[in-house]
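Q: Please take me slowly through one part of this model, and then carry on to the charged side chains and the backbone. I am a first-year student, so please explain each term when it comes up.

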Amino acid sequence: MKLQAPAPRSTPSDDNLIPMINVVFLLLIFFMVAGTIRPSDPLPIDAPQTLSAAAKTAQPTLYLDASGTMILNETPVTADRLADELMTLLAASTNDIATDDSVNSAATRSADFPSAPSLAIKADAQTPVVLLRQVLQDVRLAGIHTVELVTQQAFEHP
C-alpha cells in the first residue's frame, strides 16, 4: 500500500485571517459602545480639584476662564451683561415651567424642574477671587440662589 502526499495548494488560504478580523470588529464595537462621548467645554478650563465625589451639574452652566472670558450656555457674555442675561434665562425657564402641562405632579416637578433656580459655574483654577466674587454678586442680583462650583475630582495619595 502506497500513500501519496497531498498536493500543495496553489492559492494561499485566508481561513486563519477571518477569526482575526472578527475579533478586531468586536473590539471596535466594544470601544464604541463603552466610550463616553460628550461635547467639549467652550473654553479651555482647568477646574480646581476636590477630594469629594462629583455632584450632578445643574443647568445652565457658566464657563469662566482665568482672563475673565465668560460663556453662558454656549453664548459669550460680558461681565456688565451677565446679570441681565441670567435674568432673561431665568424668566425663559420660568415661562417654560408655567406653560408645561407635565408638571402637575410633585414628583415630576421636583425631578425635572427644581423649585429654586440654580446655576453651575465652571471656573478655571487660576481665576482671581475678585472676579469670581463679582460673578457671584451678579448671579445673586439675577435671583439665582443655588450655585454649584464645578471641580475635578482629585485622587488621594497614599
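**A pocket, charged side chains and a loop**

A: The second largest pocket holds about 320 Å³ of space, where a pocket is an open set of points on a 1 Å grid over the protein atoms alone, with room for a 1.4 Å probe and with protein on both sides within 12 Å along at least five of seven lines. Its volume is the space filled by probe spheres set on the points, which are joined across faces, edges and corners. This is a predicted model, in which local features need pLDDT of at least 70 and side-chain atom pairs count only at pLDDT 80 or more, while totals for chains, interfaces and linings use all residues. Residues are numbered from 1 along each chain as its sequence is written, and side-chain values use heavy atoms, with hydrogens and water left out.

The second largest pocket is lined by 16 residues, each with an atom within 4 Å of a point, and Arg38, Asp41, Tyr63, Lys122 and Val150 lie nearest its centre. By class, this lining has 6 nonpolar, 6 polar and 4 charged residues, where Asp, Glu, Lys and Arg count as charged, Ala, Val, Leu, Ile, Met, Phe, Trp, Tyr, Cys and Pro as nonpolar, and the others, Gly among them, as polar.

Turning to charge pairs, a search of the whole structure finds 2 salt bridges, each being a side-chain nitrogen of Lys or Arg within 4 Å of a carboxyl oxygen of Asp or Glu. Arg81 pairs with Asp84, their closest N and O atoms being 3.0 Å apart, and Arg81 also meets Glu85 at 3.4 Å, N to O, which links Arg81, Asp84 and Glu85 in a network. Arg81 is partly exposed at 39% relative accessible area, as is Asp84 at 33%, where buried means under 20%, exposed over 50% and partly exposed in between, with a 1.4 Å probe and protein chains only.

Asp138, in helix H4 (residues 129-141), is buried and has no salt bridge, the nearest side chain of opposite charge, Arg140, being 9.5 Å away. Leaving aside residues up to four places away in sequence, Asp138 touches Ala79, Leu82, Ala83 and Leu86, contact meaning heavy atoms within 4.5 Å.

Finally, the backbone: most residues other than glycine have a negative phi. Asn73, however, has a positive phi near 50 degrees, and Asn73 lies in the loop between strand S3 (70-72) and strand S4 (75-77). In that loop, Glu74 has a positive phi of about 70 degrees, and Glu74 counts as exposed at 57% relative accessibility.

Key
Helices (H or I, at least four residues) and strands (E, at least two) are DSSP runs, numbered from the N terminus. Lys and Arg count as positive and Asp and Glu as negative; His and the chain ends are not counted.
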